[in-house]
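Trainee: I have a model with two chains open on my screen. Can we go through how they are arranged?

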Number of protein chains: 2
Amino acid sequence: MSELLLRTSGIIIIGNEILSGRTQDLNSRYLAQRLLSIGIIVNEVRIIPDIKDQIINSVNELRNKYNFVFTSGGIGPTHDDITAECVASAFDVDLPVNKDAKKLLENYYLTKQIKLNSSRLRMARIPVGAVMIPNPISVAPGFKIKNVFVLAGVPNIFQAMVENIIKNLEFKFSIKSTTITINKAEGDIAEKLSKIASLYPNVSIGSYPFENGLIKGTNIVISHYDEKLIKEIAKFTEKLK
Amino acid sequence: MSELLLRTSGIIIIGNEILSGRTQDLNSRYLAQRLLSIGIIVNEVRIIPDIKDQIINSVNELRNKYNFVFTSGGIGPTHDDITAECVASAFDVDLPVNKDAKKLLENYYLTKQIKLNSSRLRMARIPVGAVMIPNPISVAPGFKIKNVFVLAGVPNIFQAMVENIIKNLEFKFSIKSTTITINKAEGDIAEKLSKIASLYPNVSIGSYPFENGLIKGTNIVISHYDEKLIKEIAKFTEKLK
């Protein structure tokens, strides 16, 4: 199976609360695991502040570099929620209030007996040419424009949106991996492992040391599309035990 | 107090295990909080794989953009630990085995009755012109070259290295912040809050919704060097209650 089947992506986490360390980012890890399971590699994660130019530049840089870009955060009702307008700017399209999104919000807030004021209505703005991504939790949608997916930052909403888009990104091949645990310190097997790795430059072979009481060991993780190739490398790696 | 006192930084987290979602990055949050406490803003975090060109390009891009750059990961003994050689390449300097670092490793492994083989000796390589950063846990040092700090990826070692460098980065002014909790939904105060924020474009005013049983509320976080300015904005913000 060729490396050509590998699809690439970048994740942009937007928000001062993440960058300041106030809030731990959990979304990029969740998404990376889901993407990997359907054969999309995350090539880069960027955590950036709520600053217009930085958002626009990051979106433009990564959408030209990778097959897919996913953003998280900055699509709520307040003044620091500027992701939608930045993505619209990046694609040089308008950002009108979308009729369907407005109707969704109207119905939702009506049942909740909450006023759909102008701040909340901001969440109904969708760039021209974009497709809405449903939000089963608090209704205000994300959207997809070309290869860029704009998702909420709140983890449970983010995850629900990811599950909504992931099925359309599925591909018939996915990445498999196997882990071999060796009860030797990383430094004791590094030379031989390097030799194995150099024979298979296109296969990801990771080495992760662990300490378990008195036992120092190393987990070797071999990942690739081709299970036969994984088995072949695993056979060599088992000999390091 | 002027915004000129604000110092900028970027963090580069290096490692396939983070990017694949296998391991949760905790280092960038730890460092961001420590830096903020001494008045250094994190302007950007990048999580990137163990790929030579990507490491070199990220280091070069961020070291020219920000006052400080901090890297985490990729300085162990195995074939996928390539951070030191990439940083040396970024600065176009050699990466010899450092005599002092070698001595540290020799002594450490002698007491542990472990062989200092060629893989482990890789950890004694320090770029020409760099200064070692002590590692009180497993000895193998990090290093600082110009405005770039190269730190370990294992969280307890990373944190120990951070504590070793942070005192030299201290500055007499630091960023203060105050949090005002308002028991109203974000959408209900967004308009008024936007008006306050527009009056103080240089002050970070963050809005973070929360749900606590039946209560929907919003935390407003105001951050700046100038405590008088924070108090002034807090007074306006209290009126949203």
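Trainee: What rotation superposes chain B on chain A?

Mentor: This is a predicted model, and the values are computed from it. Chain B superposes on chain A with an RMSD of 0.1 Å, and the shift along the rotation axis is 0.0 Å. The two copies are thus related as by a two-fold rotation axis. The rotation is 180°.

Trainee: Which C-alpha in chain B is nearest the axis?

Mentor: The distance from the axis to this C-alpha is 2.3 Å. In chain B, the residue that holds it is Arg46(B).

Trainee: How many residues does each chain give to the contact?

Mentor: A pair of residues is in contact if the C-beta atoms, placed from the backbone, lie within 7 Å. The same surface serves both copies, as 100% of the contact residues of chain B recur in chain A. The contact takes 38 residues from chain B and 38 residues from chain A.

Trainee: Which elements of chain B give two or more residues to the side that touches chain A?

Mentor: By class, that side of chain B has 13 nonpolar, 17 polar and eight charged residues. The elements of chain B that give two or more residues to it are α1 (16–19), α2 (27–37), β2 (40–48), α6 (118–121), α8 (186–199) and β8 (204–212).

Trainee: Which residue of β2(B) stands opposite Ile47(A)?

Mentor: Strand β2 of chain A, residues 40–48, is joined to β2(B) by three bridges, and the two strands run antiparallel. Opposite Ile47(A), in β2(B), stands Val45(B).

Trainee: What separates the centres of domain 1 and domain 2 of chain A?

Mentor: Chain A is divided into domain 1, residues 3–169, and domain 2, residues 176–238. Taken over C-alpha atoms, the separation of their centres is 36 Å.

Trainee: Where does Asp92(A) lie, and what is its phi?

Mentor: Asp92(A) is in the loop between α4 (83–90) and α5 (99–112) of chain A. Its phi is positive, in a residue other than glycine. The value is near 55°.

Trainee: Is Asp92(B) buried or exposed?

Mentor: Asp92(B) lies in the loop between α4 (83–91) and α5 (99–111) of chain B, and its phi is also positive, near 55°. A residue counts as exposed if 12 or fewer other C-beta atoms lie within 10 Å of its own. Asp92(B) has 7 other C-beta atoms within 10 Å, so Asp92(B) is exposed.

Key: Residues numbered from 1 in each chain as written. Chains lettered and ligands numbered in written order. Predicted model: local features only at pLDDT ≥ 70, side-chain atom pairs only at ≥ 80, totals over all residues. Contact = placed C-beta atoms within 7 Å. Helix = DSSP H or I, 4+ residues; strand = E, 2+ residues; numbered from the N terminus. Nonpolar A, V, L, I, M, F, W, Y, C, P; charged D, E, K, R; others polar. Pairing = 2+ DSSP bridges. Domains from an automatic or database assignment. Buried ≥ 20, exposed ≤ 12 C-beta atoms within 10 Å, placed from the backbone. Least-squares fit on C-alpha atoms with pLDDT ≥ 70 in both.
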